[in-house]
Amino acid sequence: MANTVIGSSIVIDGEITGDEDLVVRGTVKGRVSLRENIFVEDSGVLEANVETATITVHGRVTGDIHATERAELKSNCRVVGDIRSPRVLIADGASFKGTVDMDA
Amino acid sequence: MARATTNPPPSQPIDGATVVGPGIRISGRVTGEEDLHVEGRIDGAIQLSDTLFVAPGGIVAAEVEAHNVVVSGVIVGNVTARDCVTLHTGAKLVGDITAPRLVIADGAAFKGNVRMGGEVAPAREKSRSVARPRPVATGLRGVAAANRGPAAAAAARPARVPPRPAARAQEPSPPPRAPARAADAPRSDDDDTVIVRHAAVPDESRDSGGKFTARSGRPEPKEAAAPAAKAAAKKLPPRARIPKPGKRRVGRR
């Protein structure tokens, strides 16, 4: 269980890079670049451009998402930005504003 | 003993706590009101109202402010704790510590200043301003660049200071020349032209006086010019010597 978790009261302003799963319950501003999975939970706020393998959003994301495998927007999430990913899943009730590019 | 009493929370990640895993690197500013476990790396600054844990293998290259700081890994940067700083066996800390309580276990490495004043806030400022340059010199390059702009500037200042006096020292030398030129040869800005005029102008005395002052850098050309004029008036041969080379050349040719 080497997951990286950003707790709900944590604010990170900067850049996160790495190669393991990231769970965001707090706020991350700047840039996130991972080779694994990102989970933005209900309380999580991502104000960043994201590069990752997969991203699952329950909370809020503002910024462009580039997921090499999959981007999944769960219900009640709010996403503003462009999504580039071969597989994009948007659940009923999800809020999304931006463009989708599935050619990647 | 000391460890048992001074690190109340275990260093194992608890559910809900913030963890930076070993494969993660964060560069920037991290703030929060909960425990933070660092198994990976954080560069920049950390500000917590709770406890920072740096696990074995964890690296923090940052200015740290927290309630407690428990180190088993590496911290490079100044650490300010409102309560306690604990360095466990295997911990490495390079930087200044400001905390009312400090525990250093056997096998921990630490380099820096310690300030354990009761008044943390003012003491912190003092310790920073006094001690900042030191860690910079001890190899905190990354942190120094990131967090110690003022300190780096302060360190650079002494290096910049010497050139100024040197420049000032050089500046005064022209002024003596300037009056000499102004008196003897107002139009000439180069030393070469002055010398040429010596050869050309028959009244050599004034020019020669000016020339001497210019080369020796004496500020008073008139006093030097007066004896030089008499000397030049008595010694005509020097004036005659000047054309000689030309005559000789002609003769040789």
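**Briefing: the A–B contact and the strands around β6(B)**

Strand β2(A) pairs with strand β2 of chain B, residues 24-32, in the antiparallel sense, and 8 bridges hold the record of that pairing. The model is a predicted one, and the points below take up the contact between the two chains, then strand β6(B) with its partners, and finally a loop residue of chain B.

**Contact between chains A and B**

- Within the antiparallel pair formed by β2(A) and β2(B), G18(A) has I24(B) as its bridge partner in β2(B).
- On the two sides of the contact there are 21 residues from chain A and 22 residues from chain B.
- Two strands of chain A, β1 (4-6) and β2 (11-18), each supply at least two residues of the side of chain A that touches chain B.
- Of that side of chain A, the largest share comes from β2(A), which gives 8 residues.
- Sorted by class, the side of chain A that touches chain B consists of 8 nonpolar, 9 polar and 4 charged residues.

**Strand β6(B) and its partners**

- Strand β6(B), residues 59-71, is largely enclosed by the rest of the structure, because 11 of its 13 residues are buried, where buried stands for 20 or more other C-beta atoms within 10 Å of the residue's own.
- Strand β4(B), residues 41-48, runs parallel to β6(B) and is joined to it by 7 bridges, and in this pair A45(B) stands opposite E63(B) of β6(B).
- Strand β5(B), residues 51-54, is likewise parallel to β6(B), with 4 bridges joining the two, and L52(B) stands opposite V69(B) of β6(B).
- Strand β7(B), residues 74-76, pairs with β6(B) in the parallel sense over 2 bridges, and I75(B) in β7(B) is the bridge partner of V60(B).
- Strand β8(B), residues 79-87, also pairs with β6(B) in the parallel sense, over 7 bridges, and here V69(B) stands opposite V85(B) of β8(B).
- Residue V69(B) therefore appears in two of these pairings, standing opposite L52(B) and opposite V85(B), as seen in a strand that is largely enclosed by the rest of the structure.

**Loop residue D106(B)**

- Residue D106(B) is located in the loop of chain B between β11 (101-104) and β12 (109-111).
- With 6 other C-beta atoms within 10 Å, D106(B) is exposed, since a residue counts as exposed at 12 or fewer.
- Although D106(B) and H88(B) are 18 residues apart in sequence, their C-alpha atoms are 7.5 Å apart in space.

Note on methods
Residues are numbered from 1 along each chain as its sequence is written. Chains are lettered from A and ligands numbered from 1 in the order in which they are written. This is a predicted model: local features need pLDDT of at least 70, side-chain atom pairs count only at pLDDT 80 or more; totals for chains, interfaces and linings use all residues. Two residues are in contact if their C-beta atoms, placed from the backbone, lie within 7 Å. Ala, Val, Leu, Ile, Met, Phe, Trp, Tyr, Cys and Pro count as nonpolar, Asp, Glu, Lys and Arg as charged, and the others, Gly among them, as polar. Two strands pair if DSSP finds at least two bridges between them.
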